[in-house]
Amino acid sequence: MTITVAVVSGGGGGHEPFPAGYVAPGGLAAAVPGALFTSPPAAAVTAAAAALGAAGYTAALFIVLNYTGDRLSFGRAAAAVRRQQRQRGGGGALFPDGTATVVVADDVALLPRLGRARARGIAGAVFVVKVAAAAAAAGESLPVVAAAARAAAAGTVSLGVALTSPSPSPAEGTGGEHAGRQPVAEGRMEVGMGIHGERGASVMGLPALGDLVGMMVDQLLGVLADRQRLPKGAGRGDSASNGNGYHDDDGEAAAWPPVEVTALVNNLGGVPAREMDAITVAVVDTLHDRLPGSVLRGVPFTAVYAGTYLTALNSIGFSVSLHVSASAALSGWLAAATGAPAWGRRAAPTPVAARARGLPPSAAAAAAVADDQCVPVAAGDVDADLVAAAADEGALRALLAAWAAAAPRLTVLDAAAGDGDMGVTLARGVAAITAALDAGHINLADPPGACAAAAAVVDDAMGGTSGGLLSLALEAAAGASASTPAGGHGGSGTPDPLLLTPPPLGATWSWAAAIADAAAAVEAAGGALPGDRTAVDALRPAADALAAGRGVAAAAAAARSGAAATALMETARAGRAAYVGALIGEGGGAIDPGAEAVALAFEAVAAYWASAG
């Protein structure tokens, strides 16, 4: 494949790693930087063009950030190329297949005052560079590469904020007209920062990070909504302006609806990596919160790039860019591999609920991020891990409902054989676990993590011997390491979801092994064995049934048989009932309350799976 289109960009210095960090296969063919915050001379752009022509490129696309000096320098160079083409003509002309220029004006801060024609080009320009360069690397012609760049520019919006303006070292001199001005007052910040230290659109008190990011995202989504509403062919006149001051310089609204949303969280140069991590998390969380109620509802949010892409020297600030891809082709070019050292890794924007509670990524998502690729999201696609998690949560809620209903009966059983508090204590645990589920603190997509979280909830809420043993059992289950037993099927030959829940990536955790470890922990802590008239009489046979691969229905039957057997045991040899002495004729004939609770749990889960098909 022959690459014929050279993609070129540049501008003043002080924005490193832009533009030089994007020169590579799949990136820029050339970068033309100037002095600090000073546009490169037209002669430098012309020299770069001549070198590219000599290297065999037959066409060139100039990507220019919307600043007067940059437009003049690149514009004069493009005009010089066109003059040379007219003078020489034929095969001796520089770039015989032509040149094109795309101006990036992604900053939304000044739209209400100035309109898009005078909006600045800031960090969102790297999206345009990436798309155009990938299209060129794919061998596309100049018209296709230029159209891709224009579409990427039309679909990109950015907003920056900062605590300080750039501070050049004395060796840099003044560094341009905006460098070295007085910093913003303590406890204040500038909103709508450019990339040369020019004043922002406004100054405000320093808000909490979540509030700041929410304000930024809302403004970006508002501009995208205005672009979507702009009538086709409205042009750039004031009549096409709207509440956010948007004017479409290309004469029509951006293509709609888009196929995906991508975010860029860009360090303006002076923010520590640790704080950038917190900012990135806030941006991802806010987008997951805002997108469903915005003009982008239903559009997949597929990737986030975070790091130092285009700076304002050492300004303590950051910018957020949103890019909406108008087509699958643009999405593919954005995600395509590149050797550019400044282009960071593409990351999946994990939702807050999944991230905070330990949701393991699906195998497809993990592989895609490892390859710097986007996971394709099609209508109707469902993550198998999430399906399994929802099923396991349904089973747990069925178990909790069974325990809640049986609490009064368990109290009666415990009154005859113990201290009469089991039903009340278990009810407290049920209420606490249910509340934790509802609040999202227990996530069944991460089964070991769910067991550990539930153990902490139970330990805090229940108390007593039953609370301690249940917490201990859950802790043991969380640390289970044996692999799922062979078979994993119920008696009907149908796959048993209890045994087939996918473990976290790289682990060998299984529910069957977890229950076996839980049973062993309870036996060791309480010193109880089957036949001692305790919960172990139901728990051990159920665990053995699962370990043998017989499935949850068989486990429930084994637990019920073991629990029923406790009614025929004259005395208890472990547990609080051991203090009572003979039970036949007094509490005799009644099932041990702990064994009954275990049997009810397995029966509830088995019934849930049976009804779920």
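How many salt bridges does the count come to in this model? The count comes to 12 salt bridges, and the model in which they were identified is a predicted one. The legends below describe the whole protein and then several close-up views.

**Figure 1. Overview of the predicted model, a protein of 19 helices and 10 strands.** The chain has 613 residues, of which buried residues make up 51%. Among contacts with a separation of 6 or more, 74% are between residues 24 or more positions apart. The accessible surface comes to about 24,600 Å², and carbon and sulfur atoms account for 58% of this area.

**Figure 2. Close-up of the largest nonpolar core, which has 61 residues.** The residues with the most contacts inside this core are Trp403, Ile442, Leu539 and Phe602. At least two core residues are supplied by each of helix 11 (384-417), helix 12 (422-438), helix 13 (447-461), helix 14 (464-478), helix 16 (511-526), helix 17 (536-547), helix 18 (552-566) and helix 19 (593-612). Helix 19 gives the largest share, 10 residues.

**Figure 3. Close-up of the surroundings of Trp403.** With residues up to four places away in sequence left out, Trp403 touches Leu426, Val430 and Leu470, as well as Ala597, Leu600 and Ala601. A second core is separate from the one that holds Trp403. This second core has 48 residues, including Ala136, Ala152, Ala162 and Leu330.

**Figure 4. Close-up of the salt-bridge network of Arg409, Arg560, Glu596 and Glu603.** Glu596 forms a salt bridge with Arg409, with 2.9 Å between the closest N and O atoms. This pair links distant parts of the chain, since Glu596 belongs to helix 19 and Arg409 to helix 11, 187 residues apart. Glu596 counts as buried because its relative accessibility is 2%, under the 20% limit. Arg409, in contrast, is partly exposed, with a relative accessible area of 42%. The side chain of Glu596 also meets that of Arg560 in a salt bridge, at 2.7 Å from N to O. Arg560 lies in helix 18 and Glu596 in helix 19, so this salt bridge ties together parts that are 36 residues apart in sequence. At 22% relative accessibility, Arg560 counts as partly exposed. Arg560 has a further salt bridge with Glu603, in which the closest N and O atoms are 2.7 Å apart. Here the link is again between distant parts of the chain, from Arg560 in helix 18 to Glu603 in helix 19, 43 residues apart. Glu603 counts as partly exposed at 28% relative accessibility. Through shared partners, these salt bridges join the four residues into one network.

**Figure 5. Close-up of helix 6 (residues 209-229) and the elements against which its buried residues pack.** Helix 6 has 21 residues and reaches 30 Å from its first C-alpha to its last, close to the 30 Å expected at 1.5 Å a residue. Its buried residues include Leu212, Val213, Gly214, Met216, Val217, Leu220 and Leu221. Val223, Leu224, Ala225, Asp226 and Arg227 of helix 6 are buried as well. The helices against which the buried residues of helix 6 pack include helix 3 (111-114), helix 5 (142-154) and helix 7 (273-290). These buried residues also pack against strand 5, strand 6 and strand 10 (317-325).

**Figure 6. Close-up of the loop between strand 5 (156-162) and strand 6 (188-191), with Leu163 and Ser165.** Leu163 lies in this loop and is partly exposed, with a relative accessible area of 34%. Together with Leu206 and Ile316, Leu163 forms a nonpolar patch on the surface. The accessible area of the three residues together is about 230 Å². Ser165 is found in the loop between strand 5 and strand 6 as well, but counts as buried, at 5% relative accessibility. Ser165 and Gly270 are 9.9 Å apart in space, C-alpha to C-alpha, while 105 residues apart in sequence.

Note on methods
Residues are numbered from 1 along each chain as its sequence is written. This is a predicted model: local features need pLDDT of at least 70, side-chain atom pairs count only at pLDDT 80 or more; totals for chains, interfaces and linings use all residues. Side-chain values use heavy atoms; hydrogens and water are left out. Patches are made of residues with over 30% relative accessible area and no salt bridge: like charges are joined within 9 Å, nonpolar side chains (Val, Leu, Ile, Met, Phe, Trp, Tyr) within 5 Å. Accessible areas come from the Shrake-Rupley method with a 1.4 Å probe; for residues, only the protein chains shown count as cover. Helices (H or I, at least four residues) and strands (E, at least two) are DSSP runs, numbered from the N terminus. Buried means under 20% relative accessible area, exposed over 50%, partly exposed in between (1.4 Å probe, protein chains only). Contact means heavy atoms within 4.5 Å. A nonpolar core is a set of buried Ala, Val, Leu, Ile, Met, Phe, Trp, Tyr and Cys residues joined through side-chain atoms within 4.5 Å. The expected span of a helix is 1.5 Å times one less than its number of residues.
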